[in-house]
Amino acid sequence: MTSEPILILNELTMRFGGLLAIDNLSFRAKRGDITALIGPNGAGKTTVFNCITGFYQPTSGSIHITHDDGEKFALEKLPDFKIAHRVHVARTFQNIRLFPGMTALENLMVAQHNTLMRASGFTIFGLFGLPIYRRAEREAIELARHWLAKTQLTDRADDPAGSLPYGAQRRLEIARAMCTRPVLLCLDEPAAGLNPRESDELNVLLRAIKSETKTSILLIEHDMNVVMEISDHVVVLDHGKKISEGTPEFIRNDQKVIAAYLGVEEDAVEAAVRA
Amino acid sequence: MSAARSEKSSVLSHALKDALIAAIVAFGLFILLLGFLIDDMRGPGQLIGRPVLLASVVGMVFVGRFLISLLYYNAPALRYWLGAIWAAISAFARQYKWQLLALMFAAAACWAFYSPRDWPLILIIIAAVFIGVRFGFSAALLVVAILFPVTFYNNPYYLGIAIIILTYVMLGWGLNIVVGLAGLLDLGYVAFYAVGAYSYAIIAQTYGWSFWVCLPLAGVFAAFFGILLGFPVLRLRGDYLAIVTLAFGEIVRIVLLNWVSFTNGPNGIGSIPRATFFGIPFNATDEGFAARFGLEFDPTHRTVFLFYVILALALLTNWVTIRLRKLPVGRAWEALREDEIAVRSLGINPTNTKLTAFAIGAMFGGFAGAFFATRQGFISPDSFTFPESALILAIVVLGGMGSQIGVAVAATVMTASFELFREFEQFRLVIFGFAMVGIMVWRPRGLVSTRDPTVFLKERKTISANHVAEGRG
Amino acid sequence: MEYFLQQLINGLALGSIYGLVAIGYTMVYGIIGMINFAHGDIFMVGAFIALIAFLILVAIGITAIPLALFLVLLIAMLLTALYGWAVERIAYRPLRGSFRLAPLISAIGMSIVLQNYVQLAQGARVKTLQPLITGVHTLFDFGNRLVVQISNIQILIILTTFALMTGFSWLVASTSLGRDMRACEQDLKMAALLGVDTNRTISLTFLLGAALASVAGIMYLLYYGVIDFHIGFVAGVKAFTAAVLGGIGSLPGAMLGGLLIGLIETYWSAYFSVQYKDVAAFSILIIVLIFMPTGILGKPEVEKV
C-alpha cells in the first residue's frame, strides 16, 4: 500500500470560450479520506468533477490518480468511460442520473457491466448460459444485494428507479457507483434535497463506505452539517480559484471563506486573501 | 327537465357547428384535387369537373364529424356504459372460465361433426384457446404458428401470407434490438435487408453454395455493413442519426440500382437458387424431396418448408434477443436508451455498445434478406425502398418499443391487413396511413408499453411505461 | 469555365427549390422537435393544386401569364397552407408532448395518406404543363457557341426565393408572430406559461411552412413541367437533408443547405455521373455531420452533465 495521495490535481485550468471556470487549481486528496470541495454557486466545483471524471477535457494542467499498488494514471487524456473502467473512478450527478425505467437491482447490475462482460466471454458464454457466467451473475447480484442493504433499498430492489422517492434515488445512485468497486468516489451534492433525517443517514452511509471499503471520497456539498461532520479535509473554491484548504475546524473559522460565502465585494475578498 | 333539454340542444348545436367547420375545411382541401381531374388522355391541359364526387366527400366529412362530435360530447356517459359492459363480460368469463371452455369445445365438436373437412381449423382454434388460457397469449400464438401449415395446407395463398408475416415479424424483432432496446432511431434498416438478399443471391449464383452456407454469410455481410455505417455515425444523436441512416439506406439502394455489372441494376437478379431440404431439392425428379420421402410431388412441400424455415429464423431472433436482454450487453443497451451519460460514468464504452446493437440488428435483417431472396427467387432494388424501412419501424413503434410480443402482434396485424385488402390498392393505403395515425393517437407508446425487468430479487414487477425512457440516440 | 458557370446557375435554381422546402422542415423541427415527414408530400400537393388552378384559369379565359401566375401563387399558397394546417391538426396536435417517436410514425402515416390520396384523385400517370415562361439571356459569350445562359424561369426562381427568404426572415425577426415562434422554439412550456398561444403559433408555423412548400411546388412545376404523386418523397428527403446539413432549426442554415445540396447534385451530375448524384449529396451530408454533428450553421450542442 503506497502512501501517495490518491488524487493530485496540478495547476488545472478549464476555459469555456471566454469564461475561466477553473483557474490554476491544485490540491491533493489523501487515500482513504473524505475530501470535501465547497464553495459558492458557480465556483466551478462541478467543472472540477467533470474534469476528473473525463466528461470535460481540461484546457491545461494534470490530474493524477495512484492506485493502492502504486500504479499511476494521468486522467486528463482519458475519455470518461475509460476513467471509470480502468482507473475505477465512480461518480454521482447533481441532477440524479439513474436509469429510471430499470429496476433498482438492474441499475446496480449495469454498474457491474465490465466484470460481467468478461465473465460472459463477451456475450458468447452468456448466450449459452455457461456456468462461468451464471456464477459471475450470482456474485454480481450478491454485491448488488450488499449495497442495497447498505442504502436501505432492499425492499425496493424490484421497483423501477424512476418510481423511488427522491432521497432513495440519491442513495441508489451512490449504491450504483459503489457497485463499480471504485478507488475514488466523486459525489456531487449527495445531500441536496434531502430532509434532515435523510441527511443524517447519508452521513452514516458515507462513514460506512470510508471505514468498510478502501474507497476514498471526493465530495461536493452545500450542506455544511454534512461537510463539517464527515470530511477529513476541505478545499474551498471561489471563481475557479482555491481560496482556502484545511481541516473542517480550520475552514469554519477562515475569514476568506466567510467573506466568499457572504458575498463580500471582490476586492474585500482579495484583501482577505492577501491577509 | 328543461335544463337537460337545453343541454342536449347545445350538444347538438355544438356538434353541428363542428361539422360545418369541418365541411368548410374539407371543401377547401378537396375543391381542386377532388373537384377536378386532369385528363391528359383527351389532350394536354384538359380538365374534367367532378362536382358529385366533391359534394359527396364533403358531405361524408360533415356527417362523420357530426357523429364524432356527438360521441365526443357524450363521451363520459359512453365510456361509463362501455366500461360497465366490458367489466361484466370479463367478470363472467373469469368466473365461468372452464364452463365456457367446455361450451366452446362442444360447439367445436358439433362443427367438426357437420363439416369434417374443417377439423384442422377446429384443432388449431381449440389448441390456441386451451394453451392461451393455461400458458398465456405468447404460447397460444406460438402454437398457432406451428400448426398453421397443417391447417392451411390446401391454401397456398394463406401460407404465402403467413410467410410474409413471419418475415416482417423477424424484421421487426431485428429492428427492435436497435430502436426498442438501444433507443437508436434507424430509418434505413431496409439497407441491411437488401445487403442480406443481394449477398445471398450473388454468392449462391456465383459459387453455387447451398442456402445453409450462404445464410450465415449473408448475416455476416449485413452485420459488417452495420458496423461500417455505425462506426462513423453513432456519436450523432437523435434525429441526426435518423437522417444519416435514412441517407445510408438510400445510398445502398441507389448503388444496387446503378452498379449494373454487379447487381444487374434495375432488372434485378433472377433465378436465385431455391432453398433445398438440406441438399434435397423440391422438384418432381427422382432426386427430389417428394420422391426421396416416398410422397407424391406437391409444390406446397416447398412452401411449408419455407414456412418452417422463416418460423425457425424468427424464433431464433426472438430467443437471441431474450437472452441478450439478460446479459450485460443487453442491459447496457437499455441503460444507453435511458441515460447515455450515466452509462459512460459507469465505465461502459458507448460506441461499442451501440455498434453491437447495430451489428446484431443488421445481422438479423441480413438473415431475413437471404430468406426473402431464396423464397422469391428474384430480387430487385424495388423491394428495398424507404417505405419498407418505414413499415418496419412502424411495426416496432406500434407494437411497443422493446416488447417482443407487441412487435409480433403489430407485424401480424399490419402485414395481414395489408395483404388481405390488396384489391383495394390505393384506397387501402390511404386507410392504412390513417390507421397508423389513429393507433399512435390512441396508444402513443404502442400496444405493449410496459417493460419486463431482466433480473429480480424477490418478485418480477412489470414496469409501467411512464418510467421507461425512449432514448435520444 | 463556361460549363462551370452554367452549372452554377442551374445548381442555384435547383437549390432554391430545395431551400424553400427545407424551411418548412427546419421551422417545425425548431418549434416542436419533430421531423415532419409529410412535408415533402405537402410540396407535391402544392404542385398539383397549382397545376389544376392554372388549368382552371386557362379554361375560364385568364391567359395573361403574369396575372395567371399571381393568381395561381395565391390560390396554391392558400389551399396548400390549409393542407399543412389540417395535417398538424389531425396527426400531430393530439400527440403533442407525447413519446418522441409517436409523431414521427404519425407523420409517416400522413405521408402515405397524402401520396395515395393524390394518386387516387388524379391517377398515377405524370401530369405535364407546357412551358409558360420561356426565353433565355446570354450572360457570357465565349465564342464558339460556348455561352453561359440564364433562363427567365431561373431568374424567377432565384428572385422569388430571395424575396420570400427576406420576407420570412423579417417575419421571424420583427413581428409578434415571429417573437412567439422564437419563444416556442426556446421553451414551449415556458412560452405557454407566459401567455403565448402555443397551439396557434404552431398552427401558423405549419401554415407558413406549407405555403412556402407550395411556392417551391409551383417553381418545380414551372421549371420541369412534369409532376406526379411521387415527387414529394425524393424532394422531401433532399430538403430534409438540406435542413440538417445547414443546421436544423436555423433559417439561413436551411437556405444554405438547400443551395449546397442543389449545387452538389448539379456539379456531380455535370462532371461525374447523373446516377450517383443522390449518393454524392447523401455522402456529403454524412461527412459534414461527422465533423460538425449539428450541421454547418447549427448551434453546437453542449453536453450538460
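Two residues are in contact here if their C-beta atoms, placed from the backbone, lie within 7 Å. With that idea in hand, let us walk through this structure, which is a predicted model.

Let us start with chain C. Among its contacts with a separation of 6 or more, 73% join residues that are 24 or more positions apart. Chain C contains eleven helices and four strands, and its C-alpha atoms fill a box of roughly 65 × 50 × 35 Å along the principal axes. How does the radius of gyration of chain C agree with that of a compact globule? For 305 residues, a compact globule would have a radius of gyration near 19 Å, and chain C has 20 Å, so the two agree. Of the 305 residues in chain C, 50% count as buried.

Now turn to chain B. This chain has 19 helices and two strands, and its C-alpha atoms take up a box of roughly 85 × 65 × 65 Å along the principal axes. Of its 473 residues, 44% count as buried. Contacts between residues 24 or more positions apart make up 72% of those in chain B with a separation of 6 or more. The domain assignment splits chain B into domain 1 (2–74), domain 2 (97–145) and domain 3 (156–442). The C-alpha centres of domain 2 and domain 3 of chain B are 32 Å apart.

One helix of chain B is a nice place to pause. Helix H4 of chain B covers residues 97–114, and at 1.5 Å a residue its 18 residues should span 26 Å; the end C-alpha atoms are 26 Å apart, which agrees. How many of the 18 residues of H4(B) are buried? The count is zero, so to speak of cover, H4(B) has hardly any; a residue counts as buried only if 20 or more other C-beta atoms lie within 10 Å of its own.Next, see how chains B and C meet. Their contact takes 48 residues from chain B and 57 residues from chain C. On the side of chain B that touches chain C, at least two residues each come from several elements, including helix H1 (2–33), strand S1 (36–38) and helix H17 (386–399) of chain B. Which element gives the largest share of that side? It is H10(B), with twelve residues. By class, the side of chain B that touches chain C has 37 nonpolar, five polar and six charged residues.

Residues of both chains also appear in the largest nonpolar core, which has 319 residues. Those with the most contacts inside this core are B:Ile310, B:Ala394, B:Ile395, C:Ala47 and C:Ile49. Take C:Ile49 as an example: leaving aside its neighbours within four places in sequence, C:Ile49 is in contact with B:Leu32 and B:Leu33 from chain B, and with C:Ile75, C:Ala76, C:Leu79, C:Thr80 and C:Ser214 from chain C.

Chain B touches chain A as well. That contact takes 33 residues from chain B and 35 residues from chain A. Helix H14 (328–338) and helix H15 (340–345) of chain B each supply at least two residues of the side of chain B that touches chain A, and H14(B) gives the most, with seven residues. In terms of class, this side of chain B has 17 nonpolar, five polar and eleven charged residues.

That brings us to chain A itself. Chain A is divided into domain 1, made of residues 1–88 and 182–275, and domain 2, made of residues 100–180. The C-alpha centres of these two domains of chain A lie 28 Å apart. Where they touch, 13 residues of domain 1 of chain A are in contact with eleven residues of domain 2 of chain A. The elements that give two or more residues to the domain 1 side are helix H2 (80–87), strand S7 (184–188) and helix H8 (196–212) of chain A. H8(A) gives the most, with four residues. That side of domain 1 of chain A has nine nonpolar, three polar and one charged residues.

Finally, let us look at two residues with backbone angles to note. A:Gln152 is not a glycine, although its phi is positive, at about 55 degrees. A:Gln152 is placed in the loop between helix H6 (131–150) and helix H7 (166–178) of chain A. Is A:Gln152 buried or partly exposed? A:Gln152 counts as partly exposed because 14 other C-beta atoms lie within 10 Å.

In chain B, B:Asn264 also has a positive phi, near 65 degrees, in a residue other than glycine. The loop that holds B:Asn264 runs between helix H11 (260–263) and helix H12 (289–292) of chain B. B:Asn264 has 18 C-beta neighbours inside 10 Å, so this residue counts as partly exposed.

Conventions
Residues numbered from 1 in each chain as written. Chains lettered and ligands numbered in written order. Predicted model: local features only at pLDDT ≥ 70, side-chain atom pairs only at ≥ 80, totals over all residues. Core = buried A, V, L, I, M, F, W, Y, C linked by C-beta atoms within 7 Å. Buried ≥ 20, exposed ≤ 12 C-beta atoms within 10 Å, placed from the backbone. Domains from an automatic or database assignment. Nonpolar A, V, L, I, M, F, W, Y, C, P; charged D, E, K, R; others polar. Rg over C-alpha atoms; globule rule 2.2 N^0.38 Å. Expected span 1.5 Å × (residues − 1).
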